[in-house]
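Please examine the sequence and the structure shown below before attempting the exercises. Each task is followed by a solution in steps.

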Amino acid sequence: MARLILLLGDQLSAGLSSLAEADPAEDVVLMAEVAEEAGYVPHHKKKLAFVFAAMRHFAEALRVEGWQLRYTRLDDPENSGSLVGELERARAGLAPDEILCTEPGEWRLRQALAAVPGLTLLPDTRFLIDPAGFRAWAQGRRQLRMEYFYRDMRRRTRLLMEGDKPAGGEWNYDHDNRGTPPPGITAPTLPAFEPDAITREVLELVERRFPDNFGDLHPFALAVTRADAEKARDHFLAHALPRFGDYQDAMRLGAPVLFHAHLALYLNIGLLDPLDLCRRAEVEWRAGRVPINSAEGFIRQILGWRECVRGIYWLHMPRYAEANALEARRPLPEFYWTGDTDMACVRDAVEQTRAHAYAHHIQRLMVTGNFALLAGIDPYLVHVWYMAVYADAYEWVEMPNTIGMALFADGGIMGSKPYAASGAYIDRMSDYCAGCRYKVKLKAGPDACPFNYLYWDFVARHRDRFARNQRMGPIVRNLDRMTEARKAEIRADSARFLDALVPAGSRWNG
Ligand SMILES: Cc1cc2nc3c(=O)[nH]c(=O)nc-3n(C[C@H](O)[C@H](O)[C@H](O)COP(=O)(O)OP(=O)(O)OC[C@H]3O[C@@H](n4cnc5c(N)ncnc54)[C@H](O)[C@@H]3O)c2cc1C
Ligand code: SF4
């Protein structure tokens with residue numbers, strides 16, 4: 001037999017480099033659902049079902065196209081439980097001359113596959129810059145600022161460009177992207193996709209094999225084929241993108257998606273293509289259906305942030321996984337898994353995460369991420385949580401966002417200052433505080449919003465480090481101006497609150 005093509009669960013793209021190299025008449029594609037990948041973090045049930053259902057549908061599509069396929073299901077009695085084990089089983093049966101695989105999106109798996117004799121890793125061409133290109137861009141720069149990277153990517157891809165100038169006159173319209181939706185505005189409803197027989201079989205498998213995992217499996221309405229993911233994409237472009245920019249940072253109780261795309265899960269698994277998506281957003285702007293702040297803001301997330309975090313991941317792994325610049329050691333509180341907290345903002349973010357395997361960026365960054373930052377929770381444990389609970393979570397994108405952007409544990413590689421905020425920010429951007437048991441305007445005492453005193457306790461704990469940070473300097477000076485009595489009050493409130501946190505059980509705490 002000629003070649004064996006190992007196709008991973010997040011490589012469900014027709015134009016994948018390994019498939020492009022292969023010959024459907026001679027080569028065999030290997031896909032495998034394995035316990036090791038399903039269990040190395042306690043994935044949300046919906047995420048497991050999404051990945052397995054999308055894999056099975058993709059396999060079916062390959063068969064229809066005429067590919068020869070070897071597909072191991074999770075409950076096949078012969079399943080060895082690991083991708084390398086499945087490769088070796090296939091090698092023993094098929095005796096291929098060569099094994100091909102497109103680069104995996106995770107350092108751990110890359111190490112494992114790189115050690116397999118006869119296996120060639122091919123570049124993942126679904127990204128707009130490869131790790132070597134990013135390394136070259138980063139070389140010699142003291143700080144990796146996304147904004148400069150993003151401008152270079154705009155020039156490189158010609159997205160939103162007029163000659164050598166940015167379309168509309170500015171590179172970045174973030175200043176127009178901080179509105180809150182006025183009462184009465186309703187966000188579009190996400191399209192729902194009825195599970196077919198293949199998906200229903202997967203749902204039954206997940207329920208049976210992962211009964212104790214976090215998250216609601218039902219209702220399950222995610223797209224699991226490219227055609228349906230494209231319907232979700234078109235729905236977003238027509239109905240939500242026009243207001244994406246204006247309300248990008250807003251949060252509303254019980255409204256998980258607002259005007260966000262809810263497309264990262266389809267991009268990251270390979271059902272949608274990032275460059276194609278950006279081009280379509282640009283077309284909407286050029287046709288006058290979408291304002292520039294929405295089109296540019298959306299394209300920046302994909303062209304800038306998405307590509308940049310991947311570059312940072314491959315540049316700094318494996319050390320990045322252990323980064324803990326602020327020496328945060330607290331265990332993850334149980335409410336990250338139960339939602340059982342009086343903090344209305346955190347409760348809403350966790351509850352909708354449990355229901356949908358989704359929360360939008362500001363909830364991830366400024367609610368659950370901000371709390372973990374202020375409370376000093378161990379970054380690795382926070383990483384495991386984010387990696388487990390979101391349907392779009394793969395290590396190359398989740399880890400830099402969690403360890404770098406949300407927790408500042410990389411000491412400033414991802415951002416020049418921590419994204420720390422008191423309750424006033426959450427109050428300004430959301431409607432959570434009105435219904436919360438805590439009072440956002442109170443700064444001290446048992447009824448005060450915990451974000452208020454935890455914020456200052458965080459600044460005080462890292463005072464010396466932040467005093468050296470240009471952007472944190474004014475905040476440190478505000479702290480220094482406080483009386484000793486006020487500082488003692490902050491310490492006491494914070495200690496009372498933090499000491500009362502119930503840690504999650506050991507299964508969830510590393
Ligand atoms: C702590 C934390 C953990 C995160 N974990 C993940 C993760 O596991 N997987 C993931 O894809 N994103 C992650 N993000 C980034 C971002 O929150 C999600 O991409 C976004 O919420 C997905 O929802 P959406 O498709 O509605 O995105 P939108 O808000 O509509 O944005 C459009 C697209 O831009 C891209 N994007 C936006 N922000 C980022 C970013 N910071 N990094 C990379 N891509 C971005 C996504 O592909 C997204 O689909 C994380 C952010 C934080 C703060
Ligand atoms: S008062 Fe504080 S804890 Fe309550 S919702 Fe507002 S920010 Fe969150």
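The exercises below concern a predicted model and treat one residue, one pocket and two cavities in turn.

**Exercise 1.** Determine whether glutamate 147 is buried or exposed, and describe its surroundings.

*Solution.* Step 1: glutamate 147 belongs to helix α7, which covers residues 146-157. Step 2: its relative accessible area is 19%. Buried means under 20%, so glutamate 147 is buried. Step 3: its side chain forms a polar contact of 3.0 Å with the side chain of arginine 151. Step 4: when neighbours within four places in sequence are set aside, glutamate 147 touches Trp171, Asn172 and Arg300.

**Exercise 2.** Establish between which domains the second largest pocket lies.

*Solution.* Step 1: the pocket has a lining of 22 residues, with Leu190, Ala221, Val257, His262 and His356 nearest its centre. Step 2: by class, 17 are nonpolar, four polar and one charged. Step 3: residues of the lining come from both domain 2 (131-188 + 240-316) and domain 3 (335-508), so the pocket lies between these domains.

**Exercise 3.** Characterise the lining of the largest cavity and of the second largest cavity.

*Solution.* Step 1: the largest cavity holds about 420 Å³ of space, and Gly9, Asp10, Glu37, Val51 and Tyr394 are nearest its centre. Step 2: its lining comprises 15 nonpolar, three polar and seven charged residues; the largest share, five residues, is supplied by α3. Step 3: the second largest cavity holds about 100 Å³, and its lining comprises twelve nonpolar, one polar and one charged residues. Step 4: nearest the centre of the second largest cavity are Cys345, Cys433, Cys436, Cys449 and Phe451.

Terms used
Residues numbered from 1 in each chain as written. Chains lettered and ligands numbered in written order. Predicted model: local features only at pLDDT ≥ 70, side-chain atom pairs only at ≥ 80, totals over all residues. Heavy atoms only, no water. Helix = DSSP H or I, 4+ residues; strand = E, 2+ residues; numbered from the N terminus. Buried < 20%, exposed > 50% of the residue type's maximum accessible area, 1.4 Å probe, protein only. Polar contact = N/O pair within 3.5 Å; in protein donor to acceptor, adjacent residues only side chain to side chain. Contact = heavy atoms within 4.5 Å. 1 Å grid on protein atoms, 1.4 Å probe; cavity = no way out; pocket = protein on both sides within 12 Å on 5 of 7 lines; lining within 4 Å. Nonpolar A, V, L, I, M, F, W, Y, C, P; charged D, E, K, R; others polar. Domains from an automatic or database assignment. Points joined across faces, edges and corners; volume = space filled by probe spheres on them.
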